[in-house]
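Trainee: Could we go through this structure together? I'd like to hear the reasoning behind the labels people put on it.

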Amino acid sequence: MGSQQWGILFAQIMERLPITIAMLIAALILGLILGTIIAIIQIKRIPFLHQCMTLFISFSRCTPLLVQLFLVYFGVPQLLSAFGIYINDLTPFIFAVVTFALHISAYLAEVIRSAYLAVGEAQLEACYSIGMTYTQALRRVILPQAFVLALPNLGNTIIDLFKDTSLAFTIGVVDIMGQARLIIGNNYGLGMFKVYIIISLIYWGVCIIIEIIIHQIEQRFKKGRVNVAKT
Amino acid sequence: MTVFDWEFAIDHIPEVLKGVPITLLIAVVSIVIGSFVGLFMALIRVYRVPVLNQMTLVFISFIRGTPLLVQLYVFFYGIPALVEAQEWQVNPDKISPLWYAFIVYSMNAAAYTAEIFRASLNSIAAGQLEACHSVGMTTWQGLRRVVFPQMMIMALPNMGNIFVNLIKSTSLAFAVKVVEIMAIAKMLANQGYNFLEMYLVAAVVYWVICLLLEVIFHYTEKRLSIFKRAVTV
């Protein structure tokens, strides 16, 4: 009975892993787009927007994600209802993805910005000197290098985001954490320890897999990179 | 109904502020305990102490690879189960939720500080400890008088980040029924459906704490960088 029960619980929770992964990927893609835009604003120092984005980044990084999640889930509908727009029908999943995307975009913007700046102004000048336009230089020289530089930080941000998706159950998303809570609710609170052990092992496993994937990508892209000291 | 009830928000700021001491208490206790344990683990990792090294690796991987919320739940339900199984003369229901928070947050801080201390230790040249030996210090004396002070200065910026992250993550302590800033805001919000107001107040409180800490850390770093320069010159 004992081991069988563990197996059933494991299978039940694993059923919801696609929801967690979908949340992760959707938020990551949205976050990357937003983060890139914010990074461009920060690098170019576009007057008014620059200050706004600095404030946004500070807010995103300095307040707990849980507060942001509640602000978006409870606050935004309240705000919009005053203008006659009702968005209460939207699923919690969408609120969760939007919150995570906004949250992560602040982190990604910093990652992208620092990677871009790390490549250096000299490379851009070298591109200009051989007659490339800015877009050409960006696409052929700057971005490939910046991407490699950004990879370790990008990996950490993705892992953090994956762990943060466990908060989505607080607004009613049934991801693996939500499923665990449901199982516990159905069992009248029995076997809670067991369920949480299983779920922590699932999170751990997926985290290790993400780590390995990122490490592999890093190794692949490192090949083309020649260290300054080696030339 | 107005969009944003300013009066309600401002009236309830003092109540939310009552949660600040608990938040700071959890963060300070766990960073202190976590630093000691983290330093110990960093030394284990640097010296590659046989069995302990592998155990530390697994511990750090687990803490960094699972959400804090899950860890809180595991210990919140795991410790009472353990206490009951061992038939200790303790009533698990009587354990204050703060203890669970202290244990879990300290473990978290330990895992993260261990990695930072390890990196800082590795960046200090081995020659320094050899120099200590050559003037007759024991390894412990050398570590304590020469290596640790340098390590602390190098680790400080990252320690600041960890502390700010700890403050933010205390918002999850509701899972073990600790009443801090977030829990108070939630209760007040549920009473009158003033979600926007209360969560915004909570966000601002966290934000202000975080900005204050940043200023403090920046100032400390600047002061300590005097010693840093002295070392390199």
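What follows is a chat about why certain residues and surfaces get the labels they do.

Mentor: One thing up front: this is a predicted model. Ask away.

Trainee: Okay, starting with chain B, what helices and strands does it have?

Mentor: Chain B has 10 helices and zero strands. Reading from the N terminus, its elements go α-α-α-α-α-α-α-α-α-α. Its C-alpha atoms fill a box of roughly 75 × 50 × 25 Å along the principal axes, and 48% of its 233 residues count as buried.

Trainee: And what share of the contacts in chain B with a separation of 6 or more comes from residues 24 or more positions apart?

Mentor: Those residues account for 80% of such contacts.

Trainee: Now Phe36(B). Why is it called exposed?

Mentor: The label needs over 50% relative accessible area. Phe36(B) has 63%, so it counts as exposed. You'll find Phe36(B) in helix α3 of chain B, residues 20-47.

Trainee: Which residues make the nonpolar surface patch there?

Mentor: Phe36(B) is joined by Leu24(B), Val28(B), Val32(B), Ile33(B) and Val37(B), and the patch comes to about 500 Å². To be in a patch, a residue needs over 30% relative accessible area, and nonpolar side chains are joined within 5 Å. With 63%, Phe36(B) is over that cut-off, so it can be counted in. As for the whole of chain B, about 12,300 Å² is exposed, and carbon and sulfur atoms supply 68% of that.

Trainee: What about Thr66(B), buried or exposed?

Mentor: Buried means under 20%. Thr66(B) has a relative accessibility of 1%, so it counts as buried. It lies in the loop between α4 (50-65) and α5 (68-86) of chain B.

Trainee: How do you know that its side chain makes polar contacts?

Mentor: Check the distances against the 3.5 Å limit for N or O atoms. The Thr66(B) side chain has a polar atom 2.8 Å from the backbone oxygen of Phe62(B), and it makes a polar contact of 2.9 Å with the side chain of Gln71(B).

Trainee: Which residues is Thr66(B) in contact with, leaving aside neighbours within four places in sequence?

Mentor: In chain A, Thr66(B) is in contact with Lys163(A), Ser200(A), Tyr203(A) and Trp204(A); in chain B, with Gln71(B).

Trainee: That takes us to the interface. What do chain A and chain B bury between them?

Mentor: About 3,200 Å², with 78% of it on carbon and sulfur atoms. On the side of chain A, Cys62(A), Gln78(A) and Trp204(A) lose the most area to chain B, together 20% of what that side buries. In residues, 35 of chain A are in contact with 36 of chain B.

Trainee: What does the rule find there in salt bridges and polar contacts?

Mentor: Zero salt bridges across the interface, but 10 residue pairs in polar contact, counting pairs with both residues at pLDDT 80 or more.

Trainee: Which helices of chain A supply at least two residues each?

Mentor: That's α3 (47-62), α4 (65-81), α7 (134-164), α8 (176-186) and α9 (192-222). The most comes from α9(A), with 10 residues.

Trainee: Why does Gln78(A) count as buried?

Mentor: Its relative accessibility is 10%, and under 20% means buried, so the label fits. Gln78(A) is in helix α4 of chain A, and its side chain has a polar contact of 3.4 Å with that of Glu197(B). That distance is within the 3.5 Å limit.

Trainee: Last topic, backbone angles. What is notable about phi in Arg45(A) and Lys177(B)?

Mentor: Neither is a glycine, yet phi is positive: about 55° in Arg45(A) and about 65° in Lys177(B). Arg45(A) is in the loop between α2 (17-44) and α3 of chain A, while Lys177(B) is in the loop between α8 (139-169) and α9 (181-192) of chain B.

Trainee: And what makes them exposed?

Mentor: Set the values against the cut-off of over 50%. Arg45(A) has 56%, so it counts as exposed. Lys177(B) has 55%, so it gets that label too.

Technical notes:
Residues are numbered from 1 along each chain as its sequence is written. Chains are lettered from A and ligands numbered from 1 in the order in which they are written. This is a predicted model: local features need pLDDT of at least 70, side-chain atom pairs count only at pLDDT 80 or more; totals for chains, interfaces and linings use all residues. Side-chain values use heavy atoms; hydrogens and water are left out. Patches are made of residues with over 30% relative accessible area and no salt bridge: like charges are joined within 9 Å, nonpolar side chains (Val, Leu, Ile, Met, Phe, Trp, Tyr) within 5 Å. Accessible areas come from the Shrake-Rupley method with a 1.4 Å probe; for residues, only the protein chains shown count as cover. A salt bridge is a side-chain nitrogen of Lys or Arg within 4 Å of a carboxyl oxygen of Asp or Glu. Helices (H or I, at least four residues) and strands (E, at least two) are DSSP runs, numbered from the N terminus. Buried means under 20% relative accessible area, exposed over 50%, partly exposed in between (1.4 Å probe, protein chains only). A polar contact is a pair of N or O atoms within 3.5 Å; within protein, one must be able to donate a hydrogen and the other to accept it, and residues adjacent in sequence count only if both atoms are side-chain atoms. Contact means heavy atoms within 4.5 Å. Buried area is the accessible area (1.4 Å probe) that two parts lose on being put together, summed over both.
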